Amino acid sequence: MRVALTGTPGCGKTTLAAEAAKHGWRVVDVKAWATAERCVVGFDAHDDAKVIDIEALATRLPADDGSKVLYEGHLSHLLPVDGVWVVRCDPAILRTRLKARGYSRAKVLENLEAEALDVILMEALDQDLPVVQRDGTRRTPSELYSSFAGVRFDGLKAPDLDPVDWSDQLPFV
């Protein structure tokens, strides 16, 4: 089973991936994998981020061998996987996390807006894959993992989405 673990930067993807690894998942860091596969095609100075050719990377996705593989990264939902886990975080908490990473004011505001407007979720839903969304704001890593791992994609008829609405926090200043 190949699962994309996605969400706005700072929402807890890496922490959740570490927890999943404790439960037998093989975790693939999408940025590191893209670098190793020579799928980094540039650098976006505005976003202070590598530009990844996600289509080229998708062609390098190994065949599904039945093992549990988690593709961790905020572009992972654009890969041909079996399902998507979307981690969410209250922008009030996310702001502190992004500032601690040293993100510029503009980058913090851009990511807070993306989180409040469900940008990653909407992209994931557009992929026509089973999608599970969980709010990780107040869950421990173990609780968050359990909330995702307890959902089987093969029986999922509609997206399984924790209710999340942070639109009342807009606009961010």
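The exercises below, each with a worked solution, concern a predicted model.

**Exercise 1. The nonpolar core**

Find which residues of the largest nonpolar core touch the most other members, and which elements give two or more residues to this core.

*Solution.* Begin with the core itself, which holds 26 residues, and pick out those that touch the most other members, namely L5, L16, W25, L70, W85, V87 and F148. Next, turn to the elements that give two or more residues to this core, which are β1 (2-6), α1 (13-22), β6 (83-88), α4, α5 (105-116) and α7 (141-149). Of these, α5 gives the most, with four residues. As a general background to this picture, nonpolar side chains in soluble globular proteins tend to be buried together.

**Exercise 2. A pair within one helix**

Determine where E19 and K22 lie, and decide whether E19 is buried or exposed and whether K22 is buried or exposed.

*Solution.* First, look at the contact: E19 forms a salt bridge with K22, and the closest N and O atoms are 3.5 Å apart. Then place the two residues, which both lie in helix α1 and are three residues apart, about one turn of the helix. Finally, compare each residue with the cut-offs, where buried means under 20% relative accessible area and exposed means over 50%. E19 has a relative accessibility of 9%, so E19 counts as buried, whereas K22 has a relative accessible area of 65% and is therefore exposed.

**Exercise 3. A pair between two parts of the chain**

Work out which parts of the chain are tied together by R88 and D118.

*Solution.* Start from the salt bridge between R88 and D118, whose closest N and O atoms are 2.7 Å apart. R88 lies in strand β6, while D118 lies in the loop between α5 and α6 (119-126), so the pair ties together parts that are 30 residues apart in sequence. To complete the description, note that R88 counts as buried, because its relative accessibility is 2%.

**Exercise 4. Charges at the surface**

Identify which residues form a positive surface patch, and then classify R97 by its accessibility.

*Solution.* The positive surface patch is formed by K31, K50, R97 and R101. Among them, R97 is found in helix α4, which covers residues 91-100. Because R97 has a relative accessibility of 31%, this residue counts as partly exposed.

**Exercise 5. Further salt bridges**

State how many salt bridges the model has, and describe the one between D154 and R152.

*Solution.* The count comes to eight salt bridges. In one of them, D154 pairs with R152, with the closest N and O atoms 2.7 Å apart. D154 counts as exposed at 57% relative accessibility, and R152 likewise counts as exposed, at 59%. Elsewhere, salt bridges that share partners join R134, R139, D160 and D162 into one network.

Note on methods: Residues numbered from 1 in each chain as written. Predicted model: local features only at pLDDT ≥ 70, side-chain atom pairs only at ≥ 80, totals over all residues. Heavy atoms only, no water. Patch = residues over 30% accessible without salt bridge, like charges linked within 9 Å, V, L, I, M, F, W, Y side chains within 5 Å. Areas by Shrake-Rupley, 256 points an atom, 1.4 Å probe, with all protein chains shown as cover. Salt bridge = Lys/Arg side-chain N within 4 Å of Asp/Glu carboxyl O. Lys, Arg positive; Asp, Glu negative; His and termini not counted. Charge placed at Lys NZ, Arg CZ, Asp CG, Glu CD. Buried < 20%, exposed > 50% of the residue type's maximum accessible area, 1.4 Å probe, protein only. Core = buried A, V, L, I, M, F, W, Y, C linked by side-chain atoms within 4.5 Å.
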